[in-house]
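The following explanation leads the reader through a model of a complex, one part at a time. Please keep the sequence and the three-dimensional view at hand while reading.

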Amino acid sequence: MTILHDLFYGFGIALHPWNLLSCFFGVFIGTLVGVLPGIGPVGAMSILLPITFGISPVTGIIMLAGIYYGAMYGGSTTSILVNIPGEAASVVTCLDGHQMAMKGRAGPALGIAAFGSFIAGTLGLFGLMFMTNALAGVALMFGPSEYFSLMCLGLSLITYLTQGSVLRGLVMAGLGLFLSLIGQDVITGQARFSFGLMGLIDGVGLVPLVMGLFGISEVLLNLEKLGQKREVLKTRFKDLFPTKQDWRRSAKPIGRGTFIGFLLGILPGGGAVISSFVSYATEKRFSKHPEEFGNGAIEGVAGPESANNAASSSGFIPLFSLGIPANVIMALLLGALMIHGVKPGPLLITEHPEIFWGTVASMYVGNAMLLVLNLPLISVWVQILKVPYRTLFPLILLFCFIGAYSISANVFDLYVMFVFGILGYVLRKLSYEPAPLVLAFVLGPLLEKNLRQALILSDGSIGIFVTRPLSAICLLIAAALLLSAIIPFVQKRRSEVITEED
Amino acid sequence: MVEKETGTVEGIVWIGIGFVICLLALRFDLGSFHQPGPGFVALLTGIFVAAMGLAMAIARSVHMRRPQQSVSAEHFQIGAWPRLVYTLVLLLAYIILIEPAGFLLTTFLLMFGLFFDLEKKNYFWSLFFSVVTALVSYLVFEVWLHCQLPRGILPWW
C-alpha cells in the first residue's frame, strides 16, 4: 500500500503542467534522435543538459529520462524502414524488421515494436518501483570496500560486453580513470594534472567530454558517408496493427524480452544494447522456425524491442538505489543530479522522494505518450527521415557547441570538446569503444574515494576487499569475466555474440 | 604480418602512455597503503594501462587474438579527408572567434562554411540556411532559454 501511496504522490508531481510538458519534450526529442541516425540519446542528453540548470531537478530529470526511453522507441522506425539503426539498441531490429518491411509488412513490424516497447517499458517500471526500494535498503549496509568492488565489477562488465577486444576496453577504462583524476583531489583538495591550465583545475567537464567522444566524433565518422542515400519504405497508419497471428507469435518473445532486458539493464555495464542482442539470440533458440530469423520473423522484432525498453527502465535501479550508473546514459543522469546538488544513492528515496517517484510516474505517462507519438504520427517521422544527413550534421555540430558552452559560459570547454571529438574519431577508427572510458571517467572520483577510504579504514590492508563477502563476490565475478575473455572457447562465443552487431 | 606488427606498436604506445601517467603521478604525494595520497590512484592507473599495453603486445606476438580485431592499415582509411580537415578547421576557427566576434556572427559564418560545402556550392541556399540557423538558434538559446552566449562585436545582441 505504501508503494501505491508513493506512486500517487509521484503522479501528483508528474502531472504538474511543467513536468508534463518536460516529459513530452523529452520523449519527443528522444523519438527524434532515435529516428535520426547520426545522433544518439547520449549526444542529445548532453546537448540538452544545460537547459535543465534553470529548471527544478525533477523537471530536468523527467526530460532527460524521456529522451532515453524515447530513443529506444524511435530507433526501431529507422531500423525497420531504412535498415539503418537510429541508435545502437536498435541494431538487431534491422535484421528482421527491415526484412518484414521489404515483404510489405512494415506496418505490423512498427506496430509490434511500439506495442512491445510499451508493454516492456511499463512492466519494467513495476520492477523499478519494487526493486529500487529493496536494493536501497541493502545498499545502506555497503561500506567503501563494497562500493569499490561493485564499481570494479561494473567496469569489467562494460569492458567485457563492448564490441572488440577486452584489452582495448580495459585500456579505455584506464584512460577514463586517469582523466577523472584531473582536477582537485577528492580528499585533500590539492589540484592535480592541470598542467597550469585554469580550465583544468576543476577537472575535465563530463558534458564536453561526452559530446566530443559521442557527438563530434560521430559527425566526423559520418562525413565519410554523406553521399549515401536512404531509401525509406512506405507505410500507412491503418496497416500498423499486428494481426491475431502476429500477436500469438509475439506474446512470448515480448514476455521473455521484458525479463531479459530487465535483468541485464540492472547490471552495471549492461543495458539496452546488450539486452536486445541476448533477447534476439534467445528467441532464435526458442523458435520452432529458427530459419525464419533474418528473413522477417516478427519474434526477432518483438523480443529485442521489448528487451531494450525494459532495460531502459531497470537501468535506473542501480543509479537510484546505489548511486552507481549502470551505463553511459545513467552516468549523464548522475552528472545532472549532482549538478543540482542531489546525491543519488540509498538515501535518495527518503531525502528526495519527489525525484524518484516523480520520475517513475512520469515514465508511465511518457510510455503512453510514446505510443501515441510512434503509431499515429509515424508518417511525420518518415518525413523527418527523408531529411538528408548533410543538412542535419551542421545543426548537430552547432547544438554540441551551444550545449558545451552554455554549461559554464567558458570557451575552454569548447576546446575540450574539440580535442575529445578528434580523440573519439581516432579511437573509433581504431576499434576502441568510448563507453568504458566514459563510465570509468564518471565512476573515477567515487572509485578513488572508496579505495582510499577502505585502505584507511583497514589500516592499509588490501585484505579488506576479499574478506568482506559482498566485496569478494564482486571482485571474483569481475576477475572471472576478464579471465574468461582470454579462454579460447569463451572468446569465440563472445566474439560471435558481439560481432553480430556489425 | 602487418597486423601483428601494428598490434605490437599499439601495445608499445599504451605502455608509453602508462609510463607517462606514472611519471605524472610521481609528482604528487603517493602516501602509503595506510594513508594513500593524491598520486596513489594515478600511479596504480598508470601501472594498469602499461600492463594492458604489455598484455596487448604479448598477445599480438603469440597470435592469441582474432586477426579481424587487429588494426590493419586498411581499417584506418580516412574516406573523405579533405572534407574532414575542412570541417575541423572551420570548427577550430569557430572556437577561436566565438568570444571576440560573438555568437551570431561566428555561427552564421560556421553554418555558411558547412552548408556551402554541402549544398553543392549554392550561394543562395547556403546564405539562406545560415541566416535562418543563426537567428533561430539565437532566439531559442539566448532569448528563450537564457544561455549566456557571447555577444562579441554585436553588443546590442
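Helix α16(A) is mostly covered, with 16 of its 22 residues buried. This helix spans residues 353–374 of chain A and reaches 31 Å from its first C-alpha to its last, close to the 32 Å expected at 1.5 Å a residue. The model is a predicted one, and the predictor assigns the complex an ipTM of 0.88 and a pTM of 0.80.

A second helix of chain A, α12(A), is also mostly covered: 16 of its 16 residues are buried. Helix α12 occupies residues 299–314 of chain A, and the distance from its first C-alpha to its last is 22 Å, close to the 22 Å expected at 1.5 Å a residue. Two helix pairs that involve α12(A) can now be described. In general, two packed helices are described by the angle between their axes and the distance between the axes.

In the pair with α6(A), which comprises residues 106–139, the axes come within 7 Å and cross at roughly 30°. The crossing of α6(A) and α12(A) is right-handed. By class, the residues in this contact are twelve nonpolar, nine polar and one charged.

In the pair with α11(A), residues 272–286, the axes come within 8 Å and cross at roughly 145°. The crossing of α11(A) and α12(A) is right-handed. From α11(A), the contact takes Ala272(A), Ser275(A), Ser276(A), Ser279(A), Tyr280(A), Thr282(A) and Glu283(A). From α12(A), the contact takes Glu299(A), Gly300(A), Gly303(A), Pro304(A), Ala307(A), Asn308(A), Ala311(A) and Ser312(A). By class, the contact of α11(A) with α12(A) has five nonpolar, eight polar and two charged residues. As background to such lists, an α-helix has 3.6 residues a turn, so residues three or four places apart point the same way.

Individual residues of chain A come next. Thr59(A) lies in helix α4(A), which covers residues 57–82. Thr59(A) counts as buried because 23 other C-beta atoms lie within 10 Å, where 20 or more are required. Apart from neighbours within four places in sequence, Thr59(A) is in contact with Trp18(A), Asn19(A) and Ser22(A). His5(A) is 54 residues from Thr59(A) along the chain, and the C-alpha atoms of the two are separated by 21 Å.

Two loop residues deserve attention for their backbone angles. Most residues other than glycine have a negative phi. Phe195(A), although not a glycine, has a positive phi of about 50°. Phe195(A) is in the loop between β2(A), residues 191–192, and α9(A), residues 206–222. Is this residue buried or exposed? Phe195(A) is exposed, because 7 other C-beta atoms lie within 10 Å and the class takes in residues with 12 or fewer.

Ser431(A), a residue other than glycine, likewise has a positive phi, near 65°. Ser431(A) is found in the loop between α19(A), residues 411–429, and α20(A), residues 435–457. Ser431(A) is partly exposed, with 16 other C-beta atoms within 10 Å.

Attention now turns to chain B. The secondary structure of chain B comes to five helices and zero strands, and from the N terminus on its elements run α-α-α-α-α. Of the 157 residues of chain B, 34% count as buried. Among contacts in chain B with a separation of 6 or more, 60% are between residues 24 or more positions apart.

How confident is the predictor in this chain, and what is its mean pLDDT? The mean pLDDT of chain B is 82, and 80% of its residues reach 70 or more. Among the elements of chain B, α3(B) has the highest mean pLDDT, 91, and α1(B) the lowest, 83. Over residues 67–74 of chain B the pLDDT is below 50, and this stretch has 18 contacts in the model beyond near neighbours in sequence.

The last topic is the contact between the chains. Chain B contributes 50 residues and chain A contributes 46 residues. On the side of chain B that touches chain A, the elements that give two or more residues are α1(B) (2–26), α2(B) (40–61), α3(B) (81–101), α4(B) (103–118) and α5(B) (123–144). The largest share of this side, eleven residues, comes from α2(B). By class, the residues of the side of chain B that touches chain A divide into 33 nonpolar, 13 polar and four charged.

Definitions and conventions
Residues numbered from 1 in each chain as written. Chains lettered and ligands numbered in written order. Predicted model: local features only at pLDDT ≥ 70, side-chain atom pairs only at ≥ 80, totals over all residues. Contact = placed C-beta atoms within 7 Å. Helix = DSSP H or I, 4+ residues; strand = E, 2+ residues; numbered from the N terminus. Nonpolar A, V, L, I, M, F, W, Y, C, P; charged D, E, K, R; others polar. pLDDT = per-residue confidence, 0-100. Expected span 1.5 Å × (residues − 1). Axes fitted to C-alpha atoms, helices over the stretch in contact; angles between N-to-C directions. Left-handed = near helix turned anticlockwise from the far one by under 90°.
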